[in-house]
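I am opening these notes to keep a record of what I looked up, in the order in which I looked it up. The entries begin with burial and then move on to strands, cores, backbone angles and cysteines.

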Amino acid sequence: MTADFTTCDLFDADETLQSVSLQLLDLGGRPRFSGEIRTISCYRDNGLVKSVLNSAGEGAVLVVDGEGSLDSALMGDLIAAAAVENGWAGVVINGAVRDRVELAKLPLGVKALGSNPRKSAKDGRGEVDVPVEFGGVQFVPGKQLWADEDGILVEPA
């Protein structure tokens with residue numbers, strides 16, 4: 001299933017959209033995805049990521065600000081599979097993932113800085129559904145996000 005938009009066309013139609021300047025890799029099986037934003041702010045701890053992606057996604061996109069750390073993965077294949085089962089459209093991570101081969105097989109949008117096989121802590125430290133900012137864009141829970149092979153656009157706050 002392919003979404004019926006391109007970020008280039010969306011931006012041409014509405015230049016008030018925010019464009020993420022950070023160059024994230026397409027690592028999921030669905031490079032084009034969109035949905036309402038949910039957020040997590042955390043550092044080297046994926047306890048909240050696991051918890052949130054194991055809840056009903058209803059087509060939302062989880063934006064995780066891992067502070068750009070590539071020291072450990074904030075999501076792997078098991079958490080991503082749970083996201084698919086729970087109806088999430090995608091995950092955008094300012095940080096690392098793991099299990100790249102398996103992530104590419106899942107019908108889930110996944111954008112991240114890179115990968116690292118190292119697990120993260122699982123203490124649940126961080127914040128859920130708070131505004132986060134990276135790549136020159138503020139991600140506000142409840143706003144819309146569109147992502148494809150050209151990049152990520154976000155509804156202005």
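Entry 1, burial on a helix. I first fix the term I need: a residue is buried when its relative accessible area is under 20%, and exposed when that area is over 50%. I also note at the outset that this is a predicted model. With that cut-off I looked up helix H3, residues 77-85, and found that its buried residues are Ile79, Ala80, Ala82 and Ala83. They lie on the same side of H3, because they cover an arc of only 155° around the axis. On the face turned away from that buried side I found the exposed residues Leu78 and Glu85. I then asked myself what the buried residues of H3 pack against. The partners turned out to be H2 and helix H4, residues 100-103. Just after H3, I noted that Gly87 takes a positive phi of about 85°.

Entry 2, strand S3 and its partners. I went through the pairings of strand S3, residues 33-41, and began with strand S10, residues 144-148, to which S3 is joined in the antiparallel sense over four bridges. Within this pairing I recorded Leu145 in S10 as the bridge partner of Gly35. With strand S4, residues 61-65, S3 pairs in the parallel sense over five bridges, and here I recorded Val64 in S4 as the bridge partner of Ile40. With strand S7, residues 127-128, S3 pairs in the antiparallel sense over two bridges, and I noted that Ile40 stands opposite Val128 in S7. I also looked up how the chain passes from S3 to S4, and found that S3, helix H2 (residues 47-53) and S4 make a right-handed β-α-β unit.

Entry 3, from S4 on to S6. Following the sheet onward, I found S4 and S5 running parallel and joined by five bridges, with Val91 in S5 as the bridge partner of Leu62. S4, H3 and S5 again form a β-α-β unit, and I recorded its hand as right-handed. S5 and S6 also run parallel, joined by six bridges, and Val92 stands opposite Lys111 in S6. Is S5 enclosed by the rest of the structure, or left open? I found that eight of the eight residues of S5 are buried, so this strand is largely enclosed by the rest of the structure.

Entry 4, nonpolar cores. I next asked which residues of the largest nonpolar core touch the most other members. Among the 24 residues of that core, they are Leu53, Val64 and Met75. H2, S4, H3, S5 and strand S6 (residues 109-115) each supply at least two residues of this core, and H2 gives the most, with four residues. I then listed the contacts of Leu53, leaving aside its neighbours within four places in sequence, and obtained Leu62, Met75, Ile79, Ala82, Ala83, Asn86, Trp88 and Val91. There is also a second, separate core of 17 residues, and I noted Leu24, Val63, Val130 and Val137 as included in it. As background to this entry I keep in mind that, in soluble globular proteins, nonpolar side chains tend to be buried together.

Entry 5, positive phi outside glycine. I looked for these angles because most residues other than glycine have a negative phi. Arg44, in the loop between S3 and H2, has a positive phi near 55°, and I recorded this residue as partly exposed, with a relative accessible area of 31%. Asp99, in the loop between strand S5 (residues 90-97) and H4, has a positive phi of about 65° although it is not a glycine, and at 30% relative accessibility Asp99 also counts as partly exposed.

Entry 6, cysteines. How many disulfides does the structure hold? I found zero disulfides. For the accessibility of two cysteines, I recorded Cys8 as partly exposed at 40% relative accessibility, whereas Cys42 is buried, with a relative accessible area of 3%.

Conventions: Residues numbered from 1 in each chain as written. Predicted model: local features only at pLDDT ≥ 70, side-chain atom pairs only at ≥ 80, totals over all residues. Heavy atoms only, no water. Pairing = 2+ DSSP bridges. Right-handed = clockwise from strand over helix to strand, strands pointing away. Buried < 20%, exposed > 50% of the residue type's maximum accessible area, 1.4 Å probe, protein only. Arc of directions from axis to C-beta. Contact = heavy atoms within 4.5 Å. Core = buried A, V, L, I, M, F, W, Y, C linked by side-chain atoms within 4.5 Å. Disulfide = S-S within 2.5 Å.
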